[in-house]
Each structure stands twice: as structure tokens, then as C-alpha cells.
Amino acid sequence: MSRIGFASITIPDGISVNVTNNLVTVKGKKAQLEQEIKEGFKVNIEDGEITVERPSESKGDKALHGLYRSLINNMIEGLDKGFTKELELVGVGYRASNQGQRLDLSLGYSHNIILEVPEEVTVETVTEKGKNPIIKLSSYDKQLLGMIAAKIRGFRKPEPYKGKGVKFVGEQIRRKAGKSA
């Protein structure tokens with residue numbers, strides 16, 4: 001069983017953490033993030049370290065213990081360093097371009113897909129001749145970043161025969177053999 005909930009989190013310089021009632025607020029140079037925590041869980045801040053204590057040894061509380069610790073750690077890491085995800089468009093004629101926060105995708109459908117990306121996520125598209133187009137997403141909010149990346153990937157998931165579609169950079173696609181002659 002995982003013991004991730006017992007690990008302490010160190011608070012880096014420039015980041016302040018405040019706990020009021022069941023709300024953990026993390027402030028950094030870039031923004032402020034909040035996370036609501038179930039009643040009974042205690043978030044202790046001592047000597048620049050955060051620890052999360054669970055109210056009981058029940059299965060549900062054990063699961064939430066590790067979850068809350070990870071969510072708080074992701075908020076602190078995001079405001080300190082930030083997170084990035086890269087998506088690769090594999091397929092003939094698949095293109096991506098952006099004008100500010102507006103992402104324009106050409107994925108083989110009869111129309112282009114236009115996605116308005118939230119302001120918390122910065123979008124960059126890279127197109128080099130002879131290589132697949134790449135969409136770079138970066139943000140301080142890991143949950144929002146993952147949601148946007150999953151939404152873009154969901155427009156055209158990679159298929160197992162030719163590997164065409166939108167995939168994460170470095171993702172291994174399980175390939176199938178085609179028809180045998």
C-alpha cells in the first residue's frame with residue numbers, strides 16, 4: 001500500500017500557504033490556487049514543511065490522505081516551476097496553429113476544430129518541415145493542463161493500425177497487425 005500521504009512537502013521561497021477551515025490556499029508570484037479538503041483532515045505547517053494527517057484508518061480516508069497530499073504538492077510545484085505537456089499530431093495533412101489563446105486544429109475532418117484555451121494555459125505550436133506538428137501547453141495548474149491536453153487528444157485519438165491521431169510526445173501506441181494476405 002502506498003505511503004505517499006505521510007511524506008512531507010517543503011515550501012520553496014516565494015510561496016505562501018494558508019489553511020482556513022477546510023480550504024488550503026497557495027499563493028505564488030504567478031497566481032493563487034485553492035483546494036477544498038474534507039472535514040477531519042488536518043494540514044499542518046511547521047518550519048517550512050507541510051504534513052497532512054487523516055482522521056481515521058478507514059479505507060476511504062487512506063485514499064483521500066494520499067490524494068490531498070498530492071494535490072497540495074502539485075499546487076506548490078506548479079506555482080514554483082510550472083508544468084508542460086506536449087502533443088504531437090501524427091498524420092498526413094494534420095496541422096495546428098494558434099493566434100493567442102485560440103487553437104486551430106486540422107485533423108482530417110471536413111472542418112477545422114477551433115478551441116478557446118483558458119488564459120491560465122499558454123499555447124505554442126511548432127511546425128517544422130519533415131516533422132510532425134507539436135502543440136506545447138504550459139500552466140501552473142496541473143489539473144487544468146491535463147484536462148485541456150486530454151480534450152485536444154480526444155478530438156482524434158491515435159488509432160492502432162497506422163498510429164494516426166493526436167498523441168503525447170513520448171507516448172507508446174500499441175500497434176496491431178493489419179490484414180494478413
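**View 1. Strands β11 and β12 pair in the antiparallel sense, joined by five bridges.** Here we look at a predicted model, in which local features need pLDDT of at least 70 and side-chain atom pairs count only at pLDDT 80 or more, while totals for chains, interfaces and linings use all residues. Residues are numbered from 1 along each chain as its sequence is written, and side-chain values use heavy atoms, with hydrogens and water left out. Strands (E, at least two residues) and helices (H or I, at least four) are DSSP runs, numbered from the N terminus. Two strands pair if DSSP finds at least two bridges between them. β12 covers residues 134–139. To find your way along this pair, look for Thr-125, whose bridge partner in β12 is Ile-135. Glu-124 has its own bridge partner in β12, Lys-136.

**View 2. β12 also pairs with β7, again in the antiparallel sense, over six bridges.** Leu-87 stands opposite Ile-135 of β12. Now follow the side chains along β12. Ile-135, Leu-137 and Ser-139 point to one face and are buried, where buried means under 20% relative accessible area, exposed means over 50%, and partly exposed lies in between (1.4 Å probe, protein chains only). Ile-134, Lys-136 and Ser-138 point to the other face and are not buried. This is a familiar pattern: in a regular strand the side chains alternate between the two faces of the sheet.

**View 3. Four strands make up an open antiparallel sheet, in the order β11-β12-β7-β13.** The edges belong to β11 (122–126) and β13 (165–168); each has a single partner strand, so one side of each is left without a neighbour in the sheet. From one strand to the next, the twist averages 25°. Helix α2 (residues 142–155) lies across β7 (83–90), β12 and β13 and runs at about 5° to β7. For such angles, axes are lines fitted to C-alpha atoms, for helices over the stretch in contact, and the angles run from 0 to 180 degrees between N-to-C directions. Contact means heavy atoms within 4.5 Å.

**View 4. Helix α1 spans residues 59–80, 22 residues in total.** From its first C-alpha to its last it reaches 32 Å, close to the 32 Å expected at 1.5 Å a residue; that expected span is 1.5 Å times one less than the number of residues. Buried positions in α1 include Asp-61, His-65, Tyr-68, Arg-69, Ile-72, Met-75, Ile-76 and Leu-79. A helpful reminder when you trace them: an α-helix has 3.6 residues a turn, so residues three or four places apart point the same way. After α1 comes Gly-82, whose phi is positive, near 95°.

**View 5. His-65 of helix α1 is buried, with a relative accessible area of 1%.** Not counting residues up to four places away in sequence, His-65 touches Gly-5, Phe-6, Phe-41, Val-52, Glu-53 and Arg-54.

**View 6. Ile-9, in strand β1 (residues 9–10), is buried at 2% relative accessible area.** Leaving aside neighbours within four places in sequence, Ile-9 is in contact with Gly-48, Glu-49, Ile-50, Arg-69, Ile-72, Asn-73 and Ile-76. Among these partners, Arg-69, Ile-72 and Ile-76 are also buried residues of α1. If you pan from Ile-9 to Ile-134, you cover 34 Å, C-alpha to C-alpha, and the two are 125 residues apart in sequence.

**View 7. Two loop residues, Asn-21 and Asp-47, have a positive phi without being glycine.** Most residues other than glycine have a negative phi, and most peptide bonds are trans. Asn-21 has a phi of about 50° and is found in the loop between β2 (16–20) and β3 (23–27). With 78% relative accessibility, Asn-21 counts as exposed. Asp-47, with phi near 55°, is found in the loop between β5 (42–46) and β6 (49–53). Asp-47 is exposed, with a relative accessible area of 81%.

**View 8. Stepping back, the chain holds two helices and 13 strands.** Along its principal axes the C-alpha trace spans about 60 × 40 × 25 Å. Of the 181 residues, 33% count as buried. Among contacts between residues at least 6 apart in sequence, 51% join residues at least 24 apart.
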